[in-house]
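Reader: I've got this model open on my screen and I'd like a close look at one part of it. Could you walk me through the annotated domain and the aromatic side chains?

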Amino acid sequence: ETSYFFLFDTSNETLPYLCVFPASDIAVEVAGYADVAKQIIDLAVFGVAQNRSYRRLADFTDTIGNRVSGSHNLEMAIKYMYNAMTQDGLDVHLEPVKIPHWVRGKESAEMLVPRVKSLAILGLGSSVGTSPEGIKAEVLVVRSFEELKQRSSEAVGKIVVFNQPFVSYGETVAYRAFGASVAAKVGAVATLIRSITPFSINSPHTGWQDYEEGVKRIPTACITVEDAELMWRMAQRGQKIVVRLTMEAKTLPDADSFNTVAEIRGWQHPEQVVLLSGHLDSWDVGQGAMDDGGGAMISWEALSLIKDLGLRPRRTMRTVLWTAEEQGGVGAQQYYNLHKVNLSNFDLVMESDLGTFTPMALQFTGSDAARQVMEEVVKLLAPINTTKLETHGEGTDISPWMQAGVPGASLHVADSRYFWFHHSEGDTMTVQDPQDMNLCSALWAVVAYVVADLQDMLPR
């Protein structure tokens, strides 16, 4: 028999303000979902839904291509997904938001001295352009912000090349994000930043960058690891390096866009929500299959699996495909601002934005009591051998909710190759594996459904 413990607020003895259930009871409740979890896994991995998320991703990315914030392609992508999820029998609607509209335009870079060599570049998001004739200047190559500080007198009128080693994405991305303003402060006229990747086949990787308020805005682009190291070696030999950089980049007024929302409404508490998500926008290179087409597709697939099995959870399962994540979670922040009034009804927020390779674990942020529940939930994933619960759910789009105390979860996959392809022309369907996507879809669906169907919401 289930025993509940109530702590009473002495000022009003009829109202319990905390309800704690013993771990053993929740373990029994969750274990009761073993059969349904197995059905979901069988359908996704071996059944008629096998490879469906992969096929959906291929159809989508082959039809639309890449879809950067503000572009016609992103508009087409939203229409495509609205229609596809509606045809799938889900309850779909669009929520309007305003998003940045940066346009790359034509761009090129060429080393002129000590020899003529064309440099592969990708301008960074929000960068200003050059004049039509470009910027021709001598180069200063540094390996860190610290070195630039020490050599600041040499930077005036130069193009600063950052040849920082890749430590981790989280640490090294600061050079892409802030390099332009740091260099502008010491008089640089432009920056070329070594791509934030551990592996390169002369591939530049783009991404968003942020200008500091009140600092001169200078053009900034990423270059390949190979070219950054080449110029570093030349500089070490004392050779003078001259580069011409031409960029048409410009920022247009904010564009209209939408977060795309699909639901299976809960039968008992439809106002309470387990949210699954990925982002629909990408950069303007490659196909955006990995970042984050895969995350978007498994978040749709999870609902399809539940619907196909004729299941209906107590609470609403809601998939949100975010817009303008790459510009700093722009669509997601507006979603949060609109819906935070219902904060107490958000049970769990989930995001997949680190690839849909082989799943290894679920990452989770929440109270100790919620973690106990989730430890039991991941045991249901034994058939696909992903019963590990790790700390720190992560995701740009769900972080506002987690900061406000809502439990959050993300997918930990075998992502060692993720940054090889990230934000580059290499992010295509060729990177994706159908079997991996089946496993990710199964994990995503089991976790979301079980949490949405438990008697109680996750304790805060």
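Author: Sure, and keep in mind that this is a predicted model. Let's start with residues 259–445: over that stretch the chain is 34% helix and 25% strand, and its end C-alpha atoms sit 21 Å apart. The UniProt record, an unreviewed entry, puts the feature "domain: Peptidase M28" at residues 259–445.

Now for the rings. Searching the whole structure turns up 15 aromatic pairs. Take Tyr418 and Phe419: their ring centres are 4.9 Å apart with the planes at 90°, and since anything over 60 degrees counts as edge-to-face, that's what this pair is. How covered are these two, buried or exposed? Tyr418 has a relative accessible area of 2%, so it is buried. Phe419 comes in at 17%, and it counts as buried too because the cut-off is under 20%.

There's also a cluster to click through: Trp322, Tyr335, Tyr336, Phe346 and Trp401 form one aromatic group.

Some rings have an arginine over the face. Arg417 lies over Phe357, 4.9 Å from the ring centre. Arg56 does this with Trp300, at 3.7 Å from the ring centre.

Last stop, the surface. Phe199, Ile201 and Trp420 make a nonpolar patch of about 310 Å². Of these, Phe199 belongs to the loop between strand 9 (190–194) and strand 10 (220–223). With a relative accessible area of 38%, Phe199 is partly exposed.

Note on methods. Residues numbered from 1 in each chain as written. Predicted model: local features only at pLDDT ≥ 70, side-chain atom pairs only at ≥ 80, totals over all residues. Heavy atoms only, no water. UniProt positions renumbered as here; feature names shortened; annotations may be inferred. Helix = DSSP H or I, 4+ residues; strand = E, 2+ residues; numbered from the N terminus. Phe/Tyr/Trp six-rings, centres within 6.5 Å; stacked < 30°, edge-to-face > 60°. Buried < 20%, exposed > 50% of the residue type's maximum accessible area, 1.4 Å probe, protein only. Lys NZ or Arg CZ within 6 Å of the ring centre and 35° of its normal. Patch = residues over 30% accessible without salt bridge, like charges linked within 9 Å, V, L, I, M, F, W, Y side chains within 5 Å. Areas by Shrake-Rupley, 256 points an atom, 1.4 Å probe, with all protein chains shown as cover. Salt bridge = Lys/Arg side-chain N within 4 Å of Asp/Glu carboxyl O.
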